[in-house]
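Subject: The structure I promised you

Hi,

Here is the structure we talked about, ready for you to open. Have a look at it first, then read on for what turned up.

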Amino acid sequence: MGKGGEKGGESGEPEAQIRFYTWEEIQKHNLRTDKWLVIERKVYNVTTWANRHPGGQRVISHCAGEDATDAFQAFHINPTLVQKFLKPLLIGELAPGEPSHDRDKNSQLVEDFRTLRKTVEDMNLFRASPLFFSLYLGHIIVMEVLAWLMLLYFGTGWITTLILACILTTSQAQAGWLQHDFGHLSVFKKSSWNHILHKFVIGHLKGASANWWNHRHFQHHAKPNIFKKDPDVNMLHVFVLGDTQPVEYGKKKLKYLPYNHQHEYFFLIFPPLLIPVYFQIQIISTMIRRRFWADLAWAISYYMRYFITYIPFYGVLGSLSLLTFVRFLESHWFVWVTQMNHIPMEIDSEKHRDWLSSQLAATCNIEQSFFNDWFTGHLNFQIEHHLFPTMPRHNFWKVKPLVKSLCAKYGVQYEEKPLGKAFVDIVGTPRRQTVHQPPAEFTSVRTQFQMSGEKPSFVGEMSAETRNVFSCIAWLESASRFGMKGQASRHYVVGQILGEMLFIQQHRPKNAENLFKEHREVLETGPWFIGEREDSRKSSGGQGGQMVITDRADVFSDHRSFGANNMVLLPATEKLLNHNLYERQ
């Protein structure tokens, strides 16, 4: 049924007869050399066209094999115009019996979000205020002029230079937020005007590349906090992030750096070096390697303007030192603002969630105030920005109540915190997300726990699977000592079991329960049973029997009599068994 459709997409000539495809077939076409995607139930073959995609080939590749309707609407301010480019790529439609949404997504949630988007459009919340952005650009230019006037009237003393550096840092940071607006096409109705002003602000006012930013940042928006898809969580082995990456590094015994101390060297590497070192190298190499000559010309105009302005006061070396110091300060500003919304949130592999759920899992908001709005460039409304990236930032506060209402309806967590707490969370996250070595007592232990369909039996050296079971039992016993009761205790116990598997070794009930919820979808089949064996209770004089985990309820003499505090029904699949923390001895 799918054959022949590929030919139509590659040649650009639509087939005379409409072809229908199932999701099972479409999901097979998610390879580097074979990419299909679905927009409003129409199937497109974008394999050869992806390299010509204005937003970069990677962002469109990340949606291969999926329903890309919401992403398509989110990134384009004129979808009707873009449809003209898609028409030659059309190869068919979803079969009539197929759902509009792939991978068992909540169809009602998806439809309600699209209804919300239509409501927002009807409220004209995608219409920008020319006065707002004119004043914003004006206050950046005023700071640039003020910096020059200070040198002209007060000279190059240390105090003047420090004040000058702070003014230039503020100007650069605010220009960064403004180029972000133009890059997202959220200022003008025509894309071309947004692109021109984007190149002016990011190129002439900041010395960077618009195309480099587009290709990098759109990936982040399409797949936020997704390993191998969001470049913002590609830390080049310098940091380990999320709950699963520490496990992966622990299993493979990867130790490029002392990750147990990453919360300490975080302050020495990430904030001070991101812009002045990493971004500068990446921007220059990208412009040259990909031949972004227009971007290079804009960047050169920035450096010419800067050095013509400051060499007469500081000389060549002094001007270079001042520029480096300004970018050093700006890097701190940029890192703290951009990472407080994402680093403390879920960072994991692809889970193929719907648009609303995927964005909310990776983002959080900071409380609104005039200072927070200005200091963060309205990125304190990170949730609304990620849901509607082309919306002008001054309208985020208007759509916020509607978004919160939709999240509440479907139980999607909407997280908002004070600015101070957000900064504290950035500090705490690298400490929590570290790679731990196996506890000594787990390396060579003789135990009676066996995860299998057979009756639990005595085993010698523990396999990786058995060690995991041993960890589970340790958590159950620990939970019992804390005297937890009822349904909440069930979630906590199961959460702590998963938490131990992911090296979360501290008692954090809220985090553990959230972790349980996050893994519910993956662990949907089963069941596995955890409880006391009746015969071991009798042998111990009724003082508490052996805790076991097995996939057979008949191991227990009467499993129905066990309450929530004694037996946990743990949904599990083979993936749970693959969370092996330690290799075999």
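Strand 2 and strand 3 pair in the antiparallel sense, with two bridges between them. They are joined by a hairpin that passes through two residues. If you want a spot to look at, find Leu31, which stands opposite Asp34 in strand 3. Before we go further, please keep in mind that this is a predicted model.

Now follow strand 3 to its other partner. Strand 3 (residues 34-39) and strand 4 (residues 42-45) run antiparallel and are joined by four bridges. Two facing pairs are worth picking out here: Trp36 stands opposite Asn45 in strand 4, and Val38 stands opposite Val43 in strand 4. These strands make a hairpin as well, again with two residues between them. In that hairpin, Glu40 takes a positive phi near 50°.

Is strand 3 enclosed or open to the outside? Residues count as buried when their relative accessible area is under 20%. Six of the six residues of strand 3 are buried, so the strand is largely enclosed by the rest of the structure. You can check it from both faces: Asp34, Trp36 and Val38 point one way, Lys35, Leu37 and Ile39 point the other way, and all of them are buried.

Strand 4 has a further partner in strand 5 (residues 90-94), and these two pair in the antiparallel sense over three bridges. Look for Tyr44 there, which stands opposite Leu90 in strand 5. Put together, five strands form an open sheet in the order 1-5-4-3-2, and the pairing is mixed. At the edges you will find strand 1 (20-21) and strand 2 (30-31), each of which pairs on one side only.

Next, a glycine. Gly65 has its place in the loop between helix 3 (57-61) and helix 4 (69-75). With a relative accessibility of 0%, Gly65 counts as buried. What does Gly65 touch, leaving out residues up to four places away in sequence? The list is Trp23, Ile26, Gln27, His29, Asn30, Trp36, Leu37, Asp102 and Arg103. Trp36 and Leu37 may look familiar, as they sit among the buried residues of strand 3. His29 is 36 residues away from Gly65 along the chain, yet their C-alpha atoms are separated by 5.4 Å.

Then there is helix 9 (residues 191-204), which makes a nice bit of arithmetic. At 1.5 Å a residue, its 14 residues should span 20 Å, and the end C-alpha atoms are 19 Å apart, which agrees. Its buried residues are Asn194, Leu197, His198, Val201, Ile202, Gly203 and His204. Try stepping through those numbers with this in mind: an α-helix has 3.6 residues a turn, so residues three or four places apart point the same way. The buried residues of helix 9 pack against three other helices: helix 8 (158-183), helix 10 (210-222) and helix 13 (293-339).

A quick word on cysteines. How many disulfides does the whole structure have? The search finds zero. Cys166 is partly exposed, with a relative accessible area of 47%, whereas Cys364 counts as buried at 0% relative accessibility.

Here is the wider view. The chain comes to 23 helices and 10 strands, and buried residues make up 54% of its 585 residues. Among contacts between residues at least 6 apart in sequence, 68% join residues at least 24 apart. The chain exposes about 27,800 Å², and carbon and sulfur atoms supply 59% of that.

Last, how sure is the predictor? The chain averages a pLDDT of 77, and 69% of the residues score at least 70. Over residues 435-513 the pLDDT is below 50, and this stretch has 162 contacts in the model beyond near neighbours in sequence. Residues 518-585 also stay under 50. For that stretch the model has 156 contacts beyond four places in sequence.

Happy exploring!

Terms used: Residues are numbered from 1 along each chain as its sequence is written. This is a predicted model: local features need pLDDT of at least 70, side-chain atom pairs count only at pLDDT 80 or more; totals for chains, interfaces and linings use all residues. Side-chain values use heavy atoms; hydrogens and water are left out. The expected span of a helix is 1.5 Å times one less than its number of residues. Buried means under 20% relative accessible area, exposed over 50%, partly exposed in between (1.4 Å probe, protein chains only). Contact means heavy atoms within 4.5 Å. Two strands pair if DSSP finds at least two bridges between them. A disulfide is a pair of cysteine sulfur atoms within 2.5 Å. Accessible areas come from the Shrake-Rupley method with a 1.4 Å probe; for residues, only the protein chains shown count as cover. pLDDT is the predictor's confidence in each residue, from 0 to 100.
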